[in-house]
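Please walk through this model with the sequence and the structure side by side. Begin with a term for how helices cross, then follow the sheets and the helices packed around them.

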Amino acid sequence: MPGRDDTPILKTSHLLGIEGISVGEITALLDLADDYVTLGRSAEKKLGLLKGRTLINLFFEASTRTQSSFELAGKRLGADVLNMSVKTSSVSKGETLIDTATTLNAMRPDILVVRHQDSGAAELLSRKLDCCVVNAGDGSHEHPTQALLDALTIRRRRGGFEGLIVTICGDVLHSRVARSNIVLLSKMGARVRIAAPRTLLPADADRLGVEIFTDMRAALAGADIVMMLRLQQERMAGAFVPSTREYFRFYGLDREKLKLAKPGAFVMHPGPMNRGVEIDSTVADDIEVSVIQEQVEMGVAIRMAVLDALSRGLAAGGRNAP
Ligand code: CP
């Protein structure tokens, strides 16, 4: 069970993306998160590691999983947690991201968890504020804690990553989850495939170091893991697919398409799901193949590990030290 251990895990005082962290740092976070899974499954779930620390959740985009799991993670570690309601904040009166964040920073939080629609928003705040900044999703750029929780789910199921074939299917173009997962899984030795209609593939797809497919069936052949993504309508100006019905026919995961993957392959989805668009309920709800609820559980553990790791930097005299 985790106790007060100040062995450094992260080299920086922020978690902005998977791009910026090493295999060693990822492995250390996953090891620590394993302990937090055990803690989360016990009757007494609280520790006092972050006692006296303040965590602010600042979400400019909607969230169920990420915001609630950061809140739980902070509370389970003993921190005071403030969830800023952006809709009812002075953002509605025209206050900018920087002004909002610097205002909150003046209240001396230790950690700010931020989700914003613009790529680079978390990185920008990390340069302006004197608290630790965690990127909870910036535009279509990165969602590092999602990739870490996905990695934790995979490692606990498969024991490692080397040689695993992971097929990521859907709206890769707009997906920060895909981007962070591609970077993480490639760093850890997995073979990543992406499958999408041409309109939903990033322009730089051939520089991502992945195998690219427009035929989902071909991308599924022999896959160990199938990771489905939703169509991010909120980031689309105009139509990227002819219709959701047609999209499901070619890119929706159902039992018949899943048969093309390796026997024993499992299905992941970061949520929120759009049933009948990218995934059929008969797959999503089948606990023999779907690990979607397990991913949610791993989300709390990973976020506890991230907060623990950042607090070690604070204890060692990093930002906000007294
Ligand atoms: N996967 C994910 O980020 O979910 P939320 O948008 O609900 O936080």
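A crossing is called right-handed if the near helix is turned clockwise from the far one by less than a right angle, and left-handed if it is turned anticlockwise. Keep in mind that this is a predicted model.

Apply the term to helices H3 and H4. Their crossing is right-handed. H3 covers residues 97-105, and H4 covers residues 121-128. The two helices pack at an angle of about 45°, with their axes 11 Å apart. Angles from 35 to 65 degrees fall outside the parallel and perpendicular classes, so H3 is oblique to H4. Which residues make the contact? From H3 come Leu97, Ile98 and Ala101. From H4 come Ala121, Leu124, Leu125 and Lys128. By class, that is six nonpolar residues, no polar ones and one charged residue.

Follow the chain onward from H3. The loop between H3 and strand S3 holds Arg108. Arg108 has a positive phi of about 60°, although it is not a glycine.

S3 leads into a sheet. Four strands form this open sheet, in the order S2-S1-S3-S4, and the pairing is parallel. Which strands stand at the edges? They are S2 (80-84) and S4 (132-138). Each has a single partner strand, so one side of each is left without a neighbour in the sheet. Neighbouring strands are turned against each other by 15° on average, with direction ignored.

Now take the pairs within this sheet. S3 (residues 111-116) pairs with S4 in the parallel sense over five bridges. His116 stands opposite Asp138 in S4. H4 packs on the sheet and touches both S3 and S4. The direction of H4 makes about 165° with that of S4.

On the other side of the strand order, S1 and S2 run parallel and are joined by five bridges. Leu55 stands opposite Val81 in S2. How does the chain get from S1 to S2? It crosses through helix H2 (residues 65-76), and this β-α-β crossover is right-handed.

Another helix also meets the sheet. H11 lies across S1 (54-59), S3 and S4. H11 runs at about 150° to S4.

H11 has helix partners too. One is H1. H1 (residues 23-40) and H11 (residues 292-315) pack at an angle of about 120°, with their axes 8 Å apart. That angle makes H1 oblique to H11. H1 passes H11 in a right-handed crossing. On the H1 side, the contact includes Leu29, Leu30, Leu32, Ala33 and Tyr36. On the H11 side, Met298, Ala301, Ile302 and Ala305 are among those met. Which classes of residue make up this contact? The contact of H1 with H11 has 14 nonpolar, no polar and three charged residues.

H5 is another partner. The axes of H5 (residues 144-158) and H11 come within 8 Å and cross at roughly 115°. H5 passes H11 in a right-handed crossing. H5 residues in the contact include Thr145, Gln146, Leu148, Leu149, Asp150 and Arg156. H11 residues there include Glu294, Gln295, Met298, Gly299 and Arg303. By class, the contact of H5 with H11 has seven nonpolar, five polar and five charged residues. Look at Met298, Ala301, Ile302 and Val306 of H11. They appear in the contact with H1, and they appear in the contact with H5.

Next comes another sheet. Five strands form an open sheet in the order S7-S6-S5-S8-S9, with parallel pairing. The edge strands are S7 (211-213) and S9 (266-268), and each pairs on one side only. The twist averages 20° from one strand to the next. Within this sheet, S5 (residues 165-169) and S8 (residues 225-228) pair in the parallel sense over four bridges. Ile168 stands opposite Met227 in S8.

Finish with the loop between S9 and helix H10 (281-284), where Pro272 sits. What kind of peptide bond joins Gly271 and Pro272? The bond is cis, with omega at about -5°.

How values were computed
Residues numbered from 1 in each chain as written. Predicted model: local features only at pLDDT ≥ 70, side-chain atom pairs only at ≥ 80, totals over all residues. Heavy atoms only, no water. Axes fitted to C-alpha atoms, helices over the stretch in contact; angles between N-to-C directions. Parallel < 35°, antiparallel > 145°, perpendicular 65-115°, else oblique. Contact = heavy atoms within 4.5 Å. Nonpolar A, V, L, I, M, F, W, Y, C, P; charged D, E, K, R; others polar. Pairing = 2+ DSSP bridges. Right-handed = clockwise from strand over helix to strand, strands pointing away.
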